[in-house]
Amino acid sequence: MTVLENIKAKAKELLEAKEVEVVIGFAQGTLPGKCTPYFARTTEEVERFVWQDGCNLNLANYLSKFSGKVGIIAKGCDTRSIINLIKENQVNRERIYIIGANCPSMGSCHNCRHPQGVIADFYAEQVQLNNQDDFSDVEAFEELLSEERKNYFYQEMSKCIRCYACRNVCPACYCKECFVEENLPCWLGKTTDLADNIIFHLTRTMHVAGRCIDCGACVRACPMEVNLSLLNRKLLKDIQELFNTEPGLSLEAEPVLNEYKEDDPQPFLIGGEESV
Amino acid sequence: MFDYQVSKREFQNWLIKMQEEYEVWAPVKVGKNYTWGSWDGGSFPDEDYQNTLKPPKDLFFPQYEVLLKYKKVKGKRPLIIEPDLPQEKRIIWEVRPCDARSLTILDRVFINKDYEDPYYSHRRKNTVVISLVCQKPGLGCFCKDPLTTEGSDLMLLDCGDTYLVKLVSVKGKGLIKNPVFTADKPINIPMELPANPFNLEIADKDLAEKLEVIYRSPLWRELQEKCVNCGVCTFLCPTCHCFDLTDDQKGKKVRSWDSCMFASFTKQASGHNPRPTGAERLRQRVMHKFRYFFENHGIFACVGCGRCVEKCPVNLDIREVLQRIKEVQ
């Protein structure tokens, strides 16, 4: 059986046994190469599922939309987001059934290390892939002069139209009210002024630090093609170098920035390099 | 029927001459995409120019602008400082006909018998719109008439080394005083334009009537299920015009685009929101474009440019939404 056949068979089985009310997956989109989130509630609807290049949103984002038992077809990054959501008490593990499958959009993400599901109740395919994320993009950027880095960010941030597509497709961005929408006090102007744009993106980056799993959904969602991954990936690289860990890989480990140890490396402090 | 045929070189020279009096705006290629910018006096659109990422709406109704400033004066009414109204004379060219037409939709909102928005109307009156006929549709396009002249002052059709030029408005005719453009008689379109390339007859009178009766339909909940409530569709829309007014700490009153897709849209001071979920928000977007605007102005607030179709991160396709609405029994 193909992966898609495995997925469909499992989804039908879950719906027929009433183990779940709905299965979250993808259907064919209306434009070439595009797939669209699809919520199957009957075995007939399961037939519309696809699993192919273009299934590249992070479906974990939809889990909070449902209150009952939910099945979800999850690739590597979706499962890592699910792990984070469970640990952050946003999703109840008992309420979800994870159908794991390898990411079908290989090649679209920079050296993805975890295309296969990290946790699943059922794996639709068994092939294990081994990729290495080398962070060469971040390293190349770090080599630039600070003026060049600043200019690059200014150029990228000035493209932003503040549509919040990046935030809204991000499973880690689940605040009921985002700081940009608060108006008493009004933390941030409702403009596309460069300063306002930068504050928005930097705050978002810092808020998802240690929780972002680099699924790239924000980058793909951005209509203005702002390079949103560089900041997130820089933090991932720092986390890996400083704490030797990656977010969203285990249900047990404490989220990296939730924990304090006396011997935590702190090279960002004056004299802090000595503690590394 | 077009009025003149002119070589691109002659047209370019004419436009360069116009730069003495006008700021000339054109689609400027940045990376893979086109954005509105100052024309360099030499560039013509590439063959891959379909349309700009953002519509020309920004040039008339910017994403944010300071409407006025005020200062507190002790014991008196605050001092209000009104900005100078925009006076620059502009030509924007290579506007696609759908986008040119969108300006006539915005005109109905910002320049009407009850109210004239001075910021918008100054920009509009001082700007000449030269449109360029589409010869191949984009993936999301669904306009009804690729040759519409609504909103254009002049219209161009690319014929390789030459442009056919159509005089559309008095404003447009006034520009062509200079006799570089010559023609004896009207010129027919010399090539086969794609036969009804965009002809998706989704938005018609039946749709507006259907929308009247499905306000409480469960369909809205179903349609919005995959929507993430970002503002891509509304911010890239050439006709969406909802805005918000905010006061900054320094006494500036700022008008900025709002989006019915946002959770904060129409949220009241009490905290109550009459549109509490995505279903009401999607309904508002569709109703505004295809029912309320139709009732008020006799046309839909959609020109079929396809930006929302192509850029929606979850592929919530307005064409499909309208089709589903029409299918409701």
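Chain B of this predicted model has 10 helices and 11 strands. The radius of gyration of chain B is 22 Å, close to the 20 Å that the globule rule gives for 329 residues, so chain B is as compact as a globular protein of that length. Its partner, chain A, comes to 9 helices and 5 strands. For chain A the radius of gyration is 20 Å, close to the 19 Å from the globule rule for 276 residues, so chain A too is as compact as a globular protein of its length.

Here are the overall values for the two chains.

| Chain | C-alpha span along principal axes | Residues buried |
|---|---|---|
| Chain A | about 60 × 40 × 35 Å | 43% of 276 residues |
| Chain B | about 65 × 65 × 40 Å | 38% of 329 residues |

Contacts within each chain can also be sorted by distance along the sequence. In chain B, residues 24 or more positions apart account for 69% of the contacts with a separation of 6 or more. In chain A, 62% of the contacts between residues at least 6 apart in sequence join residues at least 24 apart.

**Strands of chain B**

Let's begin with β9(B), residues 162-167. Of its 6 residues, 5 are buried, so this strand is largely enclosed by the rest of the structure. Which strands pair with β9(B)? One is β1(B), residues 4-7, which runs antiparallel to β9(B) over 4 bridges. Within that pairing, Gln5(B) has Leu164(B) as its bridge partner. Another is β8(B), residues 154-159, also antiparallel to β9(B), over 6 bridges. Here Cys159(B) stands opposite Thr162(B). The hairpin of β8(B) and β9(B) has 2 residues between the strands, and Gly160(B) in this hairpin takes a positive phi near 85°.

A second place to look is β4(B), residues 64-71. This strand pairs with β11(B), residues 252-257, in the antiparallel sense over 5 bridges. If you want a landmark for that pairing, find Lys69(B), which stands opposite Lys252(B). β4(B) also pairs with β5(B), residues 79-81, again in the antiparallel sense, over 3 bridges. In this case Tyr70(B) faces Ile80(B) as its opposite residue.

As general background, strands of a sheet pair through backbone hydrogen bonds, either parallel or antiparallel.

**A kinked helix in chain B**

Helix α8(B) covers residues 278-297, 20 residues in total, and reaches 27 Å from its first C-alpha to its last, close to the 28 Å expected at 1.5 Å a residue. Where is the kink in α8(B) centred? You will find it at His288(B), with an angle of about 50°.

The buried residues of α8(B) include the aromatic-ring carriers Phe290(B), Phe293(B) and Phe294(B). Charged side chains are on the list as well, among them Arg281(B), Arg285(B), Lys289(B) and Arg291(B). The cover over the buried residues of this helix includes α5 (205-213), α6 (219-224), α7 (232-235) and α10 (318-327) of chain B. Just after the helix comes Gly298(B), with a positive phi near 75°.

**The sheet of chain A**

Read along the sequence, chain A follows the pattern α-β-β-α-β-α-β-β-α-α-α-α-α-α. Its open sheet of 5 strands has the order β2-β1-β3-β4-β5, with mixed pairing. β2(A) and β5(A), the latter at 122-123, stand at the edges with a single partner strand each, so one side of each is left without a neighbour in the sheet.

Further in, β3(A), residues 70-74, and β4(A), residues 96-100, pair in the parallel sense over 5 bridges. Ile72(A) stands opposite Ile98(A) in this pairing.

**Where the chains meet**

How many residues of chain A are in contact with chain B? There are 28, and they touch 29 residues of chain B. On the chain A side, β2 (35-40), α6 (165-168) and α8 (217-221) each supply at least two residues. The largest share, 3 residues, comes from β2(A), the strand described above at an edge of the sheet. By type, the residues on the chain A side divide into 14 nonpolar, 9 polar and 5 charged.

Note on methods
Residues numbered from 1 in each chain as written. Chains lettered and ligands numbered in written order. Predicted model: local features only at pLDDT ≥ 70, side-chain atom pairs only at ≥ 80, totals over all residues. Pairing = 2+ DSSP bridges. Expected span 1.5 Å × (residues − 1). Bend = angle between axes of the 7 residues up to and from the residue. Buried ≥ 20, exposed ≤ 12 C-beta atoms within 10 Å, placed from the backbone. Contact = placed C-beta atoms within 7 Å. Nonpolar A, V, L, I, M, F, W, Y, C, P; charged D, E, K, R; others polar. Rg over C-alpha atoms; globule rule 2.2 N^0.38 Å.
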